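User: Please take a close look at one part of this structure, the open sheet and what surrounds it. I would like a connected account in formal terms.

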Amino acid sequence: MTAVLQVEGLHKAFGGVQAVADVSFTVSAGEMLALIGPNGAGKSTCFNMLNGQLSPDLGIVRLEGRDIVGLRPRTIWRLGVGRTFQITATFASLGVRENVQMALYSHAGRLRSMLQRFGAAFRTEADALLSQVGMLDQAERTCGVLAYGDLKRVELAMALANQPRLLLMDEPTAGMAPKERVALMELTAGLARARGIAVLFTEHDMDVVFSQADRIIVLDRGQLIAGGTPDEIRNNAAVRTVYLGGTH
Amino acid sequence: MTLSSILIQLLNGLASASSLFLVSAGLSLIFGVTRIVNFAHGSLYMLGLYGAYTLIEVLGRTPLGFWSAVVLAALAVGIAGVLIEVLVLRRVYRAPELFQLLATFAVVLVIKDIALFAWGPEDLVGPRAPGFDTAVEILGKRIPSYDLLLIAIGPVVLAVLWLLLTRTRWGALVRAATQDREMVGALGVDQAKLFTSVFFAGAVLAGLGGALQIPREPANLDLDLAIIADAFVITVVGGLGSIGGAFLAAILIGVAKAFCIGIGTVDWFGLEISFSKLTLVVEFLIMALVLVVRPYGLLGKPQAVQRIAAEPSPPLTAPTWKMALVWMAVLVAVPLVADRYVTILLTDIVCFALFAVSLHFIMGPAGMVSFGHAAYFGLGAYAAGLLFKQAGLPMEAALLLAPLCAGAFAIVYGWFCVRLSGVYLAMLTLAFAQISWSIVFQWDSFTGGSNGVLGIWPSAWLADKTTYYYLALACCGLGIAFLWRVLFSPFGFTLRAGRDSPLRAEAIGIDLRGVQWAAFVLVGALAGLAGAVYAFSKGSISPSAISIAQSTDGLIMVLLGGVETLTGPIVGAAIFTWLRDEVARRTEFWRAVMGGVILVIVLLFPQGLVGGLKALALRWQEQRA
Ligand SMILES: Nc1ncnc2c1ncn2[C@@H]1O[C@H](COP(=O)(O)OP(=O)(O)OP(=O)(O)O)[C@@H](O)[C@H]1O
Ligand SMILES: [Mg+2]
């Protein structure tokens with residue numbers, strides 16, 4: 001397997017807080033890598049440095065061999081990185097299908113037109129994505145009125161719209177029922193394997209993590225304290241202290 | 001300049017800084033706690049001056065009379081502030097932010113006419129301050145001792161405010177609310193009382209700032225909007241909600257202005273530069289500069305993140321062709337049955353409709369509120385007039401080129417504006433409008449100064465009022481149709497998407513700033529078209545077309561009709577223009593009537609007229625079902 005994402009020695013501090021310290025890992029094509037850790041461990045901060053929203057104080061991020069540190073989020077997206085946010089970010093006044101179409105139009109570079117009508121193109125593509133995430137029946141609804149778990153699905157559909165090489169998912173199943181969580185991540189894992197997408201995700205639901213991840217890395221107070229297969233992590237003493245004796 | 005004249009200018013600047021600081025501190029305090037941009041704050045300042053004038057007449061020109069008059073005037077203005085808060089604003093705290101703004105515009109109109117009624121249209125020159133009517137000699141120059149007193153008052157008030165804010169429970173609440181409005185509600189503090197007290201304090205500061213100016217400046221009816229522009233600039237330069245920042249900014253701007261006057265005209269390498277003409281512009285230049293370098297002002301912090309996300313905007317629905325055609329047919333038919341007067345009024349309405357629709361485009365779907373949209377309307381009008389008069393172009397060519405000129409200004413202004421958001425953005429737009437106004441106002445030889453450009457009449461084939469109405473209808477109708485069409489294009493969807501979630505927009509590859517900039521230029525050009533059509537319909541154009549009042553008229557039209565609907569701005573423009581015309585013919589106090597009507601509408605229909613009527617219709621349908 002080839003590494004789609006390579007992270008080396010990532011650092012980020014906010015004022016006095018060292019949010020992320022010397023984090024290194026790789027994700028390969030088709031692999032599901034879970035990044036877990038207690039609240040405030042620095043997971044979201046890591047994500048934000050990977051898609052260009054924050055710039056790291058130090059460290060290298062390579063996407064398929066290319067250094068992407070310092071590029072803007074929109075440029076990194078064009079290089080094939082899709083992402084979902086911990087706090088969902090969708091276009092609340094637009095319809096569900098329109099949200100996905102926005103991503104498809106953007107991918108095709110067709111958002112500049114002032115005179116065409118939006119919405120005629122990429123309908124079938126949008127519907128295909130929506131049916132994948134189980135949102136086709138709500139395609140006509142406005143995003144602003146959706147339940148939280150459904151918003152997460154819309155985000156996933158949007159993240160898949162540019163046929164990403166790398167998918168970053170920050171707590172993708174928050175707000176869903178336990179069964180739905182496993183189902184959604186199974187779907188993601190299926191897509192990842194079929195299309196060779198590298199997936200990095202965080203998740204607080206350990207059932208999801210241990211059943212879906214190929215590999216798990218554990219972050220605590222900004223530092224990676226363990227990494228390995230689900231079985232290795234399950235039996236790792238350091239991880240147990242963090243999770244049993246720590247904040248969780 | 002010699003050392004002594006530098007000193008003079010410095011003292012002069014510091015003296016005017018004091019009042020500016022008082023007004024801005026009040027504005028900042030109110031904004032910090034209530035998140036209301038109080039446009040009526042300048043009106044409170046104006047009332048302070050008038051109040052002090054009258055009270056001095058009553059109490060006598062003795063030191064005791066003078067100073068009790070100043071204090072009483074400030075307290076009276078404080079009570080006026082409480083009345084505004086309790087009677088109006090308290091009822092709209094839950095309404096969308098922009099509606100609160102509309103309410104404060106209405107208050108501005110009402111207060112202006114109350115002042116006109118009570119004190120008449122003439123400037124009132126107040127007495128000098130007894131005991132401080134002499135001059136002090138410093139470095140051989142004479143400085144009014146009252147100026148020195150004012151210089152001392154600024155820091156004293158700053159110290160008092162600082163003590164109040166840091167040493168009292170009230171101050172702790174104000175600081176907490178400024179940082180996080182929701183938290184105060186959660187702590188179980190009586191929010192209504194806190195807001196009322198903050199309004200009182202802010203209004204007292206404005207009133208005191210005004211009252212103290214009575215020996216230096218005559219009371220007049222234009223002070224309200226003039227001082228609100230200054231106060232906005234100072235608040236924004238200093239940082240919203242920061243009292244210390246307001247002090248710093250007031251000094252910076254007061255001194256810069258004084259120096260511009262003091263330097264006068266200088267000859268630099270044969271190039272004559274008139275600094276005194278810069279006075280009107282210099283504060284806005286400082287503001288534009290500060291905002292680009294420090295987007296939250298000198299001492300400001302990024303605005304506290306609102307925990308409860310603002311209500312998402314409802315989806316837009318496109319007007320149907322059938323409706324549009326019916327309306328077009330009606331508008332085409334009206335001159336056939338109505339008289340000349342109605343045709344002229346309709347021409348006005350059509351121009352303002354395009355103006356309002358272009359403003360709505362940028363503040364509604366694009367999410368960038370502009371307090372200075374008249375800049376583009378006015379610059380378009382001036383471009384038309386000047387291309388016609390100065391460049392000698394045929395009227396038709398001037399009309400077509402004018403929007404391009406307005407758009408060219410929007411390219412420059414917009415570049416700065418899209419770097420900011422929210423209130424800061426709104427105030428920067430106001431600053432650019434004011435810069436444009438100052439330049440047009442002062443450049444006598446080119447723009448005709450305060451007289452404006454006269455004798456810009458349409459070509460012979462358009463001279464007939466009805467024919468010109470059809471031209472206006474065609475130009476503005478096409479402009480509106482174009483803007484609406486754009487709203488439903490990929491570009492328009494991108495704007496709406498960027499307003500809903502800038503984060504997601506960027507994360508799907510959208511260059512949001514670029515898109516917003518393009519939108520700025522687009523609406524600038526179309527507002528310019530509206531202005532050009534308007535200019536030729538009137539035969540003249542004056543600086544008032546760029547004024548703050550013109551900008552707020554546009555905001556009132558949009559908000560009156562409702563931001564959430566596409567047709568709202570047109571309805572708002574029609575009603576506002578028609579009502580103003582009707583009322584102005586009947587009474588001198590048309591502003592108060594307009595303000596009263598707006599207040600009633602604000603209190604009854606917090607979603608605007610069209611939105612409110614739609615909601616009513618919906619409820620009616622539900623009841624029948
Ligand atoms: N913009 C910021 N400014 C200051 N501190 C920040 C900022 N973002 C994150 N932090 C701090 O950095 C640390 C890591 O935060 P981060 O959001 O990355 O944690 P997380 O692992 O995603 O937690 P959670 O599971 O709660 O989402 C925390 O201590 C947080 O307070
Ligand atoms: Mg997180």
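Analyst: Two strands are treated as paired here if DSSP finds at least two bridges between them. The model is a predicted one, and every statement below should be read accordingly.

In chain A, β4 (residues 58–63) and β5(A) meet this criterion, being joined by 2 bridges and running antiparallel. Within this pairing, Arg62(A) has Asp67(A) of β5(A) as its bridge partner. The two strands belong to an open sheet of 4 strands in chain A, whose order is β2-β1-β4-β5 and whose pairing is antiparallel. Because β2 (17–28) and β5 (66–67) of chain A each have a single partner strand, they form the edges of the sheet, and one side of each is left without a neighbour there.

Helix α1 of chain A, residues 43–50, packs on this sheet. The helix touches β1 (3–14), β2 and β4 of chain A, and its direction makes about 120° with that of β1(A).

The helix also leads to a metal site. The magnesium ion (ligand 2) has Ser44(A), through OG, and Gln86(A), through OE1, as its protein donors, at 1.9 to 2.0 Å. These two residues bring together distant parts of the chain: Ser44(A) lies in helix α1 of chain A, whereas Gln86(A) lies in the loop between β6 (81–84) and α3 (96–107) of chain A, 42 residues apart. Ser44(A) is partly exposed, at 23% relative accessibility. Gln86(A) is likewise classed as partly exposed, its relative accessible area being 31%.

Turning to the nonpolar interior, the largest core contains 275 residues, and Met102(A), Phe21(B) and Phe371(B) have the most contacts inside it. Helix α13 of chain B (residues 340–363) supplies the largest share of this core, 15 residues. Beyond its neighbours within four places in sequence, Phe21(B) contacts a set of residues in chain B: Gly154(B), Val157(B), Leu158(B), Leu161(B), Ile243(B), Ala246(B), Phe247(B) and Ala250(B). Another core lies apart from the largest one and has 26 residues, including Leu10(A), Leu35(A), Cys46(A) and Leu168(A).

Finally, the cysteines call for a brief remark. Over all chains, a search of the whole structure finds 0 disulfides. For Cys417(B), the closest cysteine sulfur is that of Cys405(B), 19 Å away, which is too far for a bond. Cys417(B) is also buried, with a relative accessible area of 0%. Cys143(A) counts as buried, at 2% relative accessibility.

Note on methods: Residues are numbered from 1 along each chain as its sequence is written. Chains are lettered from A and ligands numbered from 1 in the order in which they are written. This is a predicted model: local features need pLDDT of at least 70, side-chain atom pairs count only at pLDDT 80 or more; totals for chains, interfaces and linings use all residues. Side-chain values use heavy atoms; hydrogens and water are left out. Contact means heavy atoms within 4.5 Å. Axes are lines fitted to C-alpha atoms, for helices over the stretch in contact, and angles run from 0 to 180 degrees between N-to-C directions. Donors are N, O and S atoms within 2.8 Å of the metal (3.2 Å for Na, K and Ca); water is not among the atoms, so sites may look incomplete. Buried means under 20% relative accessible area, exposed over 50%, partly exposed in between (1.4 Å probe, protein chains only). A disulfide is a pair of cysteine sulfur atoms within 2.5 Å. A nonpolar core is a set of buried Ala, Val, Leu, Ile, Met, Phe, Trp, Tyr and Cys residues joined through side-chain atoms within 4.5 Å.
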